[in-house]
Amino acid sequence: MTTTAPGDATGSPRGVLLCDDNEMLLEALREVVQAQPDLDVVGTASHAEQAIRLARRHQPDLVVLDVRFPGGGHSVARAITRCSPDSRIVAFSAYDDKGSVEEMLRAGVSEYVLKGVNNREFLAVLRRVVRIPKRAFLRHP
């Protein structure tokens, strides 16, 4: 028997905006996420202005945001939080230094994930983050 995580109460898939300046990684993420019946890629962005514009337009449930994103990951996270307040942001990074993690958490991200994680773990994080009320993530280190 196969089970899938529901998108929302109506069964609609959750909208996901993917933001990374590495085009190959961005395409791989798009393929992984789009293959899921409960997730739908609503856009991809390779720079800050594009990410903010797409977040404003689509009001995605989730935003996957590169920590070292052009324009500053923390700055982009704050801008997305302002223009799409119900979106949950997952920081995605090759760096796990304390400063980067704390800066992104202060900027309002819901979770911090390292880029080396396998697809199953990555998707589990997205599904977990979208199920928990956003206010549960409001924490300041």
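Visitor: Is glutamate 102 buried, partly exposed or exposed, and what is its relative accessible area?

Guide: Keep in mind that this is a predicted model. Buried would need under 20% relative accessible area and exposed over 50%. Glutamate 102 falls in the class in between, partly exposed, with a relative accessible area of 23%.

Visitor: Which residue forms a salt bridge with glutamate 102?

Guide: Look within helix H4, where glutamate 102 has a partner four residues away, about one turn of the helix. That partner is exposed, with a relative accessible area of 62%. The closest N and O atoms of the pair are 3.7 Å apart, and the partner is lysine 98.

Visitor: What about arginine 128 and glutamate 111: how many residues apart in sequence are the parts they tie together?

Guide: The side chains of these two meet in a salt bridge, 2.4 Å from N to O. Arginine 128 lies in helix H5 (residues 119-131) and glutamate 111 in strand E5 (residues 111-114), so the pair ties together parts of the chain whose separation in sequence is 17 residues.

Visitor: And glutamate 111, is that one buried or exposed?

Guide: Its partner, arginine 128, counts as partly exposed at 35% relative accessibility. For glutamate 111 the figure is 17%, and the cut-off for buried is under 20%, so glutamate 111 counts as buried.

Visitor: Which loops hold aspartate 97 and arginine 68?

Guide: These two form a salt bridge, with the closest N and O atoms 3.7 Å apart. The pair ties together parts that are 29 residues apart in sequence, because arginine 68 sits in the loop between strand E3 (62-66) and helix H3 (73-83), and aspartate 97 in the loop between strand E4 (88-93) and helix H4 (98-106).

Visitor: Which ring does arginine 68 lie over?

Guide: Arginine 68 is partly exposed, with a relative accessible area of 44%. Besides its salt bridge with aspartate 97, arginine 68 lies over the face of a ring, at 3.8 Å from the ring centre, and that ring belongs to tyrosine 95.

Visitor: Back to H4: which elements do its buried residues pack against?

Guide: The buried residues in H4 are Ser100, Met104 and Leu105. They cover an arc of only 125° around the axis, which puts them on the same side of H4. The elements that these buried residues pack against are E3, H3, E4 and E5.

Visitor: What follows H4, and what is its phi?

Guide: The residue after H4 is a glycine with a positive phi. It is glycine 108, and its phi is near 105°.

Visitor: Are the rings of phenylalanine 92 and phenylalanine 122 stacked, edge-to-face or tilted?

Guide: A search of the whole structure finds one aromatic pair. Its ring centres are 5.2 Å apart and the planes of phenylalanine 92 and phenylalanine 122 are at 50°. Planes under 30 degrees apart would be stacked and over 60 edge-to-face, so this pair is tilted.

Visitor: Where in the chain do those two rings sit?

Guide: Both residues are buried: phenylalanine 92 at 3% relative accessibility, and phenylalanine 122 with a relative accessible area of 3%. The pair links distant parts of the chain, 30 residues apart, with phenylalanine 92 in strand E4 and phenylalanine 122 in helix H5.

Visitor: Zooming out, what pattern does the protein follow along the sequence?

Guide: The secondary structure comes to five helices and five strands. Read along the sequence, they follow the pattern β-α-β-α-β-α-β-α-β-α.

Key:
Residues numbered from 1 in each chain as written. Predicted model: local features only at pLDDT ≥ 70, side-chain atom pairs only at ≥ 80, totals over all residues. Heavy atoms only, no water. Salt bridge = Lys/Arg side-chain N within 4 Å of Asp/Glu carboxyl O. Buried < 20%, exposed > 50% of the residue type's maximum accessible area, 1.4 Å probe, protein only. Arc of directions from axis to C-beta. Contact = heavy atoms within 4.5 Å. Phe/Tyr/Trp six-rings, centres within 6.5 Å; stacked < 30°, edge-to-face > 60°. Lys NZ or Arg CZ within 6 Å of the ring centre and 35° of its normal.
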